Every structure is written in structure tokens, then in C-alpha cells.
Amino acid sequence: MLAPESGKLQTIINLIDEQYVDSVDASKLVESVIPEILGDLDPHSVYIPPKDLKAANQELEGNFGGIGVEFSMPDDTVMVVSVVSGGPSEKVGILPGDRIITVNDSVIAGVEMPTNDVVGMLRGDIGTKVNVGIQRRNRKDLIDFEITRGNIPMYSVDVAYMVTDSIGYVKINRFARNTYQELLSALAKLKAHNCSDIIVDLRGNSGGYLDIAISMVNEFLSKDDMIVYTEGVNNPRQDVYANGSGSCKDVGVTVLIDEFSASASEIFAGAMQDNDRGLVVGRRSFGKGLVQQQFSLPAGGALRLTVARYYTPSGRSIQKPYDNGVEDYYHDIIERFEHGEFFEKDSISVNDSLKYKTVGGRTVYGGGGIMPDVFVPRDTTEHSDYYYRLRETGTIYQFALDYADRNRQTLSAFENVKTLKQHLDQQPISELLIEFANSKSVKYNHSDFQKSKNLIDLETKAYIARNILDNEGFYPIISKEDEVLQKAIELIKTNSLKAVLFENQSEEVHVEIAAEN
């Protein structure tokens, strides 16, 4: 049916290439036409040009060729923050705190080079070599290293640790090809500590592979519980059920979401909610219920085309409307903020015509994101103009990096976050931060500081700990100011999960409980 129209398009391009008055790059013309065609579809059907395809795939494939360092660029100098264990840089002797001055024959220190350009110089095909000149503290001369690039993993499980003696916490940043295996390792680690409940944090997780999300959900559901189903005009309905082999069927589960949780995150949260398997806590999710499939194109590049919609077990499509174009579609988040939805549960508008029932008879809604069982507003009570200035200028991060670098030998002696935090609590961190901020033209404001003192102090120590212990140091400290996580912990401790899911299954009581929380 489409052949005549597609032939017409090709004919036009051929005529322009062969008959147009001036010379034309036909391939460039095609590249510009494709996005115009896709613009009339949905916001998630996209064309990936050949030059961008490798980077786009790396994000979800979970690895890339590189030297294995995480770096920051204070004062236009590349400083190694951490070194991948067992990676190429560790093997040749590069250490945290080293400054990369040269890459091959190019000086990159003090030249205001964009971060992406530095990344491009350090990354490359596995097995290729790169020479770097390193400046090390207390060493006068540069140290030259030849590094053979290796396969560097991109982890999607940020952290897994026990937030209490019985509650485990897992933070997942995307659903990449290796995420399921990472989750299994995280769950095994937590179960080894006898955790009876697990909090799965999907806030800020924009999604990824559908099959990976399905495998992860399967770990928590009983045999024959529905996980998701997909359907499109050219793709018949496909139902997916749990096979009963999951390792966490008897462990309590709570899912954290926010306005940036999308796609695979919503599949995970929707499956838990519709099966009455666990509570969903936080704020309404993004609202992406479309499934994309990637097709390689003959001349290079790829097309990620929406081929189906996915539906939660109760039958909900949580895809938000996109009739007004891509710009309005992505500005929806801003409109939610301005409408007050991030701060007041009653500001969330629900469509009464899109009511659905969970397995236990609770009412849930479709039409634009997953509505949490327990809404937790953004807490800005400790925010102040001084705090915002410290954040927006990157001063807290820069100070933490500098402090950790200057005190690395002392701080590295602490093997766990508890003892490191105890040490930091005895140091004049706030006074040093204020002094550092003044040197960066962030003027001190006493009343603002007093208002935000606890938040600033905790955040600063968390970033210092990250520079020493990575995320195993950061999250346990910053979690004390995480109102959504703390609410989830409280709900688990008070057995509110059972109260909401099983004892009170009428809509009226459910809404009352959620409002009280």
C-alpha cells in the first residue's frame, strides 16, 4: 500500500539529484527529510544518524572502549576522581587525584576544552593505545603512561545496601543490556544480609530495554502473574506472565518513582501496583507507554520506530497525550511543576473515565503516568537562595572534590561509610565550605545558611564520601535528607503496605490513606 508513495519520494530525490540547477548532496537531503517525516508520528520515533549511532547504542548496551577513569574538570584541568577496578588505567598505575595534562601529543590542561572533547580523546576502539601525561601530587615532572583501551562497563545499578537491619535499597538508573544481571547480584548481596523488604528506586530512570524490565519484574512476581502486554496495529497482542522462578517472590517490595521515571520504569512500577505486589511511592511518573524497535538502515544509521503500546496488567495505557507536538509533550513536566503537582497531591488531575482495578480490587488510573499509592511532595523547607547558589555554581561539588583530593591519604584509610562519616563529623566542613565559596564569589548569607545548614552539611559530606568510596559512600549519607526514601522506610516499618494493599481495598479508604501520608 505504501509502495507508490515511497516510490514518489525516491523519484523526487532522484530528480533533484539528476536535474536540479545546482549541485546537491542527495545523501544530505535525505538526512534532512527523515526527521520531517518522523515529526508527524510520535515523540519517540527517531532517526539516529550514522555519526551518533555508536554512542546511542553504548548507552543501553552497557559498555564502551576506554581507559577506565571517572574524571572532573576543576579549573580546566582533568582530574581523575576514580579508577575502574581492574580497568586499563588501574593496570598501568594511574591513581585517583592524578591530573591528565596531555593526551597523545595534545595539551588538554588549561585550554577550556569541552568535556565531550576530552571523552572523545580518551575513548576509542578496544585494543587501541593512547598516551597520557600525568601530573601527580608531590611529583615535579610529568609521568607518561601508555594505556591500551579496554572494555569499560557502564553500570546501571548505582548502589545496593541495607538502609536498616532488615530493609535493602537498590538504585537503578536505566534498563540496559546488563541491568538484569546487575540486579541479581544486588539482590543476592541484600539477601545475604537477611533483608525482608527491598526498596527499588527508579526515580530519574528514563527506561531502556523492554525484555530487561520483564526479566526484572519476574524476580518479584508469582507464577502466572501478568507482567505486561503489548499491542499495535501491525503487532498483535502479546501477553507476558511471570514464570514463577523469581528469587524475591517472598520479599516485600516498594517502588520509588518520580516525574522522570519513564517507559521500562513504569512497566516495573505498574506490574507491582496492579498485582498488589507492593507500594509505589513518590510522584506521578513521566507517562511513556510506547514500545520502540530499532531498525538498521542500508546507508548507515538506524530508525527507532514505535511499533506498539504497552499496557499494565489491569489494562492501563499510561502514555500521556502527544497530539500537540513534541515541544508541548516534553514541556508537560514544566506545566506540572507550575501547576503545583510536585508539592500537592490534590493538584494531580485524574481521568475518571480511565479507572481500572488491581488484582485486589483497588482503583488505579490510566491516561498519563503511574499514580503513586503514596504521594510524597518535594520538600523545600530547608532550601534558601544561598543553598541554590552553592548548587547552581557547582560549589559544593567542587569543594568536596578539592577537600577529598587534599586529604586523600587520611580519608582513604576509612574502609566504610560509617567510620568515614564519623571522621567528617569531627571536621570543620561547613566553615571550610563557606571559605571556599567566598573564594568562588558565592557570598555568604548567615540567615540563609542557618536555614539550609543541615542540608548543606549532609550534601557536602556525601560528595566527599563519593570521592573516596564512590556511591557506597554517597547514598547512605544523602539518604538522610531523601524524603521519599524516608517515607518508604516508615511505611515498611509501620506495616502500611499491608494496610493499603490488603485490609482496605475500597477506593475511598485507599485515597484516604494516601492523602494522610
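This is a short tour of selected helices, loops and surface residues in a predicted model.

**Helix 8 and the residue after it**

Select residues 264–274, which make up helix 8. The helix is mostly covered, with 11 of its 11 residues buried. Charged and polar residues are on that buried list too, including E266, Q273 and D274. Also buried are I267, F268 and M272, among others.

Now move to D276, in the loop that runs from helix 8 to strand 16 (278–282). What is the phi of D276, just after helix 8? The angle is positive, about 55 degrees, although D276 is not a glycine. As background, most residues other than glycine have a negative phi. D276 counts as buried because its relative accessibility is 6%, and the cut-off for buried is under 20%.

**A second positive phi: D224**

Select D224 next, in the loop between helix 7 (210–218) and strand 13 (226–232). Phi is near 75 degrees here, again a positive value in a residue other than glycine. Is D224 buried or exposed? D224 has a relative accessibility of 53%, so it counts as exposed; the threshold for that class is over 50%.

**Helix 14, two faces**

Select residues 429–439, helix 14, and look down the axis. The buried residues here are I429, S430, L433, I434, F436 and A437. Why do these buried residues line one face of the helix? Seen along the axis, they fall within an arc of 165 degrees, so they sit on one face of helix 14. Then colour E431, E435 and S439: these exposed residues are on the face turned away from the buried side.

**A negative patch and helix 9**

Show the surface and select E327, D328, E335 and E338. These four residues gather in a patch of negative charge. For one of them, E338, the place in the fold is helix 9 (residues 326–339). E338 is exposed because its relative accessible area is 62%, against a cut-off of over 50%.

**K91, and a distance to K493**

Finish at K91, which lies in helix 4 (residues 88–92). K91 counts as exposed because its relative accessibility is 66%. With K91 still selected, add K493 and draw a line between the two C-alpha atoms. How far apart are the C-alpha atoms of K91 and K493? Their separation is 45 Å, for two residues that are 402 residues apart along the chain.

Definitions and conventions. Residues numbered from 1 in each chain as written. Predicted model: local features only at pLDDT ≥ 70, side-chain atom pairs only at ≥ 80, totals over all residues. Heavy atoms only, no water. Helix = DSSP H or I, 4+ residues; strand = E, 2+ residues; numbered from the N terminus. Buried < 20%, exposed > 50% of the residue type's maximum accessible area, 1.4 Å probe, protein only. Patch = residues over 30% accessible without salt bridge, like charges linked within 9 Å, V, L, I, M, F, W, Y side chains within 5 Å. Areas by Shrake-Rupley, 256 points an atom, 1.4 Å probe, with all protein chains shown as cover. Salt bridge = Lys/Arg side-chain N within 4 Å of Asp/Glu carboxyl O. Lys, Arg positive; Asp, Glu negative; His and termini not counted. Charge placed at Lys NZ, Arg CZ, Asp CG, Glu CD. Arc of directions from axis to C-beta.
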